[in-house]
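Trainee: I'd like to learn how to read a structure like this one. Can we go through it feature by feature?
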Amino acid sequence: MQLHSGRSKDGINWEIDNERISFICNDPEIGNFIYGYDPRVCWIEDRYYVTWCNCYHGPTIGIGYTYDFKEFYQLENAFLPFNRNGVLFPRKIKGKYAILSRPSDNGHTPFGDIFYSESSDICHWGKHRHVMSPRGRWQSTKIGAGPTPIETIEGWLLIYHGVLTSCNGFVYSMGAALLDIDEPWKVLYRTEPYLLSPQELYECVGDTPNVVFPCAALCDAPTGRIAIYYGGADTVTCLAFTQVDELINFIKSNSKV
């Protein structure tokens, strides 16, 4: 469970650095890197922020930034342990940085709701608001934010994962919701059916089987195409495509808030 930087000319073929990221940190206690996983990358104003599940007496949300993907600077952890799935919004909301997270426990966490928090300095986080809870079928055990939310005229487009507990253990699937543009803890629409579930062998057999775990999304504004990167069984990174309009129409047509 290490973090590595990678580069690609086409977004499909990647060159991953062999050496893990070595964060520059002024505080040796915070900079004592033990493990990190489930990273997200978010451009805000003048730099790329990285959030990940960081070990500090258990899993919590680590935050760092980079300008060039060569030097990475680590900041204070966002929250007390235990927490996972920390996802920043790509711009300030009412003058404050904003983040989604999923408070958890020290294990595999058979529960979990998505919460919203805000900060004036990316160090001190508050104004915690509940966003949404698990509910039936494919998202009955826990849910967690996925890629950086995408700003649309309909609201913030949030792609998230939902988990059910089956006779084969946890099963992770992908869903989507639209959040209010000014108060993102308010859910406008939320898909009742899943968008994608583990069906292919590479999604079902791996280090952690039966997992579709969305972690990044790139939106091409001129064409409206979204590329969604997701983990398949914690073994490979997979890629799926959709269109903004089609996805929003699907969410609104198959919604239950």
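Trainee: Let's start inside. How many residues does the largest nonpolar core have, and which have the most contacts inside it?

Mentor: First the general idea: in soluble globular proteins, nonpolar side chains tend to be buried together. Keep in mind that what you have here is a predicted model. In it, the largest nonpolar core has 19 residues, and F89, L100, Y116, V131, M132 and Y160 have the most contacts inside it.

Trainee: Which elements give two or more residues to this core?

Mentor: They are β8 (97–103), β9 (114–119), β10 (125–132), β11 (142–145), β13 (155–166) and β14 (169–179). The largest share, 3 residues, comes from β13. If you want one residue to click on, try V131: leaving out residues up to four places away in sequence, V131 touches L100, I114, F115, Y116, L179, P184, W185 and V187. There's also a second, separate core of 16 residues, and M174, I226, I228 and L247 are included in it.

Trainee: L247 sits in a helix, I think. Which residues of helix α2 are buried?

Mentor: Start with the helix rule. An α-helix has 3.6 residues a turn, so residues three or four places apart point the same way. Now look at α2 (residues 244–253), where V244, L247, I248 and I251 are buried. These residues cover an arc of only 95 degrees around the axis, which puts them on the same side of α2. Turn to the face away from that buried side and you'll find the exposed residues D245, E246 and S253.

Trainee: Which strands does α2 lie across?

Mentor: α2 lies across β16, β17 and β18, and runs at about 85 degrees to β18.

Trainee: And how do I read the sheet those strands form? In what order do they come?

Mentor: For a sheet, go through the strand order, then the direction of pairing, then the edges. Here 3 strands make an open sheet in the order β16-β17-β18, with antiparallel pairing. β16 (212–220) and β18 (236–243) stand at the edges with a single partner strand each, so one side of each has no neighbour in the sheet. From one strand to the next, the twist averages 25 degrees. For a specific pair, β16 and β17 (residues 225–232) are antiparallel over 8 bridges; A217, for instance, has I228 in β17 as its bridge partner.

Trainee: What about a hairpin? How many bridges join β3 to β4?

Mentor: Read a hairpin as two strands plus the residues linking them. Strands β3 (residues 36–44) and β4 (residues 47–55) run antiparallel and are joined by 7 bridges. R40, for example, has T51 in β4 as its bridge partner. There are 2 residues between the strands, and E45 takes a positive phi near 60 degrees in this hairpin.

Trainee: Is E45 buried or exposed?

Mentor: Exposed is the label for over 50% relative accessible area. E45 has 52% relative accessibility, so E45 counts as exposed.

Trainee: Where else should I look for a positive phi in a residue that isn't a glycine?

Mentor: Go to I122, with a positive phi of about 60 degrees. I122 lies in the loop between β9 and β10. This residue is buried, with a relative accessible area of 3%.

Trainee: While we're on backbone geometry, which peptide bond is cis?

Mentor: Omega is the angle to check. The bond from P81 to F82 is cis, with omega near 15 degrees. F82 is in the loop between β6 (72–74) and β7 (83–88).

Trainee: E76 is in that loop too. What is E76 in contact with?

Mentor: Look past the sequence neighbours. Setting aside those within four places, E76 is in contact with D27, I30, I63 and C123. The C-alpha atoms of E76 and H124 are separated by 8.9 Å, though these residues are 48 apart along the chain. At 34% relative accessibility, E76 counts as partly exposed.

Trainee: One more glutamate: why does E118 count as buried?

Mentor: The cut-off for buried is under 20% relative accessible area. E118 counts as buried because its relative accessibility is 14%. E118 lies in strand β9, and, not counting residues up to four places away in sequence, E118 touches K96, Y97, A98, H124, W125, G126 and K127.

Key
Residues are numbered from 1 along each chain as its sequence is written. This is a predicted model: local features need pLDDT of at least 70, side-chain atom pairs count only at pLDDT 80 or more; totals for chains, interfaces and linings use all residues. Side-chain values use heavy atoms; hydrogens and water are left out. A nonpolar core is a set of buried Ala, Val, Leu, Ile, Met, Phe, Trp, Tyr and Cys residues joined through side-chain atoms within 4.5 Å. Buried means under 20% relative accessible area, exposed over 50%, partly exposed in between (1.4 Å probe, protein chains only). Helices (H or I, at least four residues) and strands (E, at least two) are DSSP runs, numbered from the N terminus. Contact means heavy atoms within 4.5 Å. Two strands pair if DSSP finds at least two bridges between them. The arc is that of the directions from the helix axis to the C-beta atoms. Axes are lines fitted to C-alpha atoms, for helices over the stretch in contact, and angles run from 0 to 180 degrees between N-to-C directions.
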